[in-house]
Amino acid sequence: MSKSPIVFLLGLDSACWEVIDCLGENMLPTLYSLIDEGVAGILETCHPPSTFPAWKCITSGLNPGKIGVYGFFDVNTRTRRIRLNSSKSFKGHDIWDYLGKHGLTSGVMNVPGTYPPKHIKGFIVSGHPAIDGSNYTYPESIKAKIERLGYRIHPKKDVRTHPEEAVEEIVSMIEVRFEALRELQESYQCDFLMLTIFYLDNVQHYLWDAEAGEGSSLVNKVYMKVDTELSKMLRFLGRGTNVFVVSDHGMTRIRGTFQLNTWLSNQGYLKVERTKPLKGKILRRIGIGRIYELAKSLSIDKILLKFIPPETVRKWAESAQKDLTPIEVVERMDWERSKAFSANGNIYLLDKTIEEELIEKLLALTHPKTGEKIFIDVRRRDEVYRGHDILAPDLIPIPRKGYNVHCRLSRSTPWAEENSWKATHTRDGILIASGANIRKIIGKINASIYDITPTILKLYSIEPEEIDGRILPILK
Ligand SMILES: [Zn+2]
């Protein structure tokens, strides 16, 4: 008989009420039983509403300013260097660090941003992007154990080119992840367990359809599989466990697209030398991360890149590519002549005197098709981040829900439609909590991703030293 952990935290990357409400309790009986017995809430995410840094905000209770990460990559405007973020880039303690200090054991699986795996009291199976398939677990010995169950980091099929087959594969990967977690729990007897299902994000971005909720779409299939697996997991855990289900951001259909760097370039704020050869030094520094970016532009990022020689990927990408990826924009930027650039949807000012005019222009922008304003606000970094460092962006434009703001640089207009994504991130994620120590509350509560860590740690009677969230009033 396995020990019941005090908390099981299930992360569903990009899960949203839009789909859950639509599917209802007939399609998602397990999630609805948790809602009926406990709490449901809207979980407000960080700025930008991005997988990196959002999962770290959830597991540390700290805002991006304190963890020092603002996206998949960050730019140091002083050194003019790009940093591709990994688990080593984040500052601040995670839930499992606090628990470890108190002699408690954690099992963590697939949380984005945990690669390379840190040495913790318990085990870690690293999450997205974890593109190096070799050392993604701590301790290393558990890798063989979970791979015997069929564990794989990424699916082989791409949802864009083989949607049905890719979703079948993702559905089976979800089953294996839950199974692997149970098997590891049998031997580790952890006090805290966390599993994140990342590929829901991928499926929603590319396969969202306006009829999501009618049970026929591939998106629904993933939600329903999670529900079935969660049901098995609850039986395994027993009644003593408090279950939290959270997402790092929500998702919604794209109403319009805006290319921020293309706009900055057209306005004369950003100067990029498109043909500037990439320095060997930069290539070496960026390494596999850059290859990953290039591969993304070719729609092959979901294939295990280790099977394709990096040089081949680079050649394909550079010959086929018309747009510059966000990383290439920074690499090829003329730092002397540029006044501003965008990364991760945020804006970095190289000339602070343009701040006011830039805010005014951005707030006035309306989408030519919908006639709606693109941004509901443009905030300065002091208004958004607490304890920020040199990597913090200067301006944080907040897009209206459904507007997809990205940072590629194209030769066309900033309004050019995104041709592969159908849905984009929103600021409202989900929170569902139920268990022995959780109160029953009717109606949805409002919570922030910073509240998850202090609330969970309270169940272990641990008070984190520095936190941006609060203990949610949902505990008995
Ligand atoms: Zn995400």
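This report walks through one predicted protein model, from the whole chain down to a sheet, a strand, a residue and a pair of helices.

Some ground rules help at the start. Since the model is predicted, local features need pLDDT of at least 70 and side-chain atom pairs count only at pLDDT 80 or more, while totals for chains, interfaces and linings use all residues. Residues are numbered from 1 along each chain as its sequence is written.

**The whole chain**

The protein chain holds 16 helices and 19 strands. Here helices (H or I, at least four residues) and strands (E, at least two) are DSSP runs, numbered from the N terminus. Of its 476 residues, 50% count as buried. A residue is buried if 20 or more other C-beta atoms, placed from the backbone, lie within 10 Å of its own, exposed if 12 or fewer, and partly exposed in between. Take the contacts between residues at least 6 apart in sequence: 70% of them join residues at least 24 apart. A contact means that the C-beta atoms of two residues, placed from the backbone, lie within 7 Å.

**A sheet and its strand 8**

Nine strands form an open sheet with mixed pairing, in the order 7-6-5-8-1-9-18-2-19. At the edges sit strand 7 (137-138) and strand 19 (444-448), each pairing on one side only. Strands pair if DSSP finds at least two bridges between them.

Strand 8 (residues 192-197) is mostly covered, with six of its six residues buried. On one side are Phe192, Met194 and Thr196, on the other Leu193, Leu195 and Ile197, and all are buried. Here are the two partners of this strand:

| Partner of strand 8 | Sense | Bridges | A residue pair |
|---|---|---|---|
| Strand 1 (residues 7-12) | parallel | six bridges | Leu9 with Met194 |
| Strand 5 (residues 106-109) | parallel | four bridges | Val108 with Met194 |

So to speak, Met194 has a hand on each side: Leu9 is a bridge partner, and Val108 is one too. Met109 also stands opposite Leu195 in strand 8.

**Helix 3 and Ile58**

Helix 3 (residues 51-60) is where you'll find Ile58. This helix is mostly covered, with 10 of its 10 residues buried; among them are Phe52, Trp55, Lys56 and Cys57. Right after helix 3 comes Gly61, with a positive phi near 75 degrees.

Why does Ile58 count as buried? Because 31 other C-beta atoms lie within 10 Å of Ile58. Leaving aside residues up to four places away in sequence, Ile58 touches Val246, Asp248, Ile449 and Ile452. Pro454 is 396 residues from Ile58 along the chain, yet their C-alpha atoms are separated by 9.8 Å.

**Helices 7 and 8**

Two packed helices are described by the angle between their axes and the distance between the axes. For helix 7 (residues 163-188) and helix 8 (residues 199-207), the axes come within 11 Å and cross at roughly 160 degrees. That makes the two helices roughly antiparallel, a label for angles over 145 degrees. Axes are lines fitted to C-alpha atoms, for helices over the stretch in contact, and angles run from 0 to 180 degrees between N-to-C directions.

Which residues of helix 7 and helix 8 meet? Pro163, Val167, Ile170 and Met173 come from helix 7, and Tyr199, Val203 and Leu207 from helix 8. The residues of this contact divide into seven nonpolar, no polar and no charged.

Conventions. Parallel < 35°, antiparallel > 145°, perpendicular 65-115°, else oblique. Nonpolar A, V, L, I, M, F, W, Y, C, P; charged D, E, K, R; others polar.
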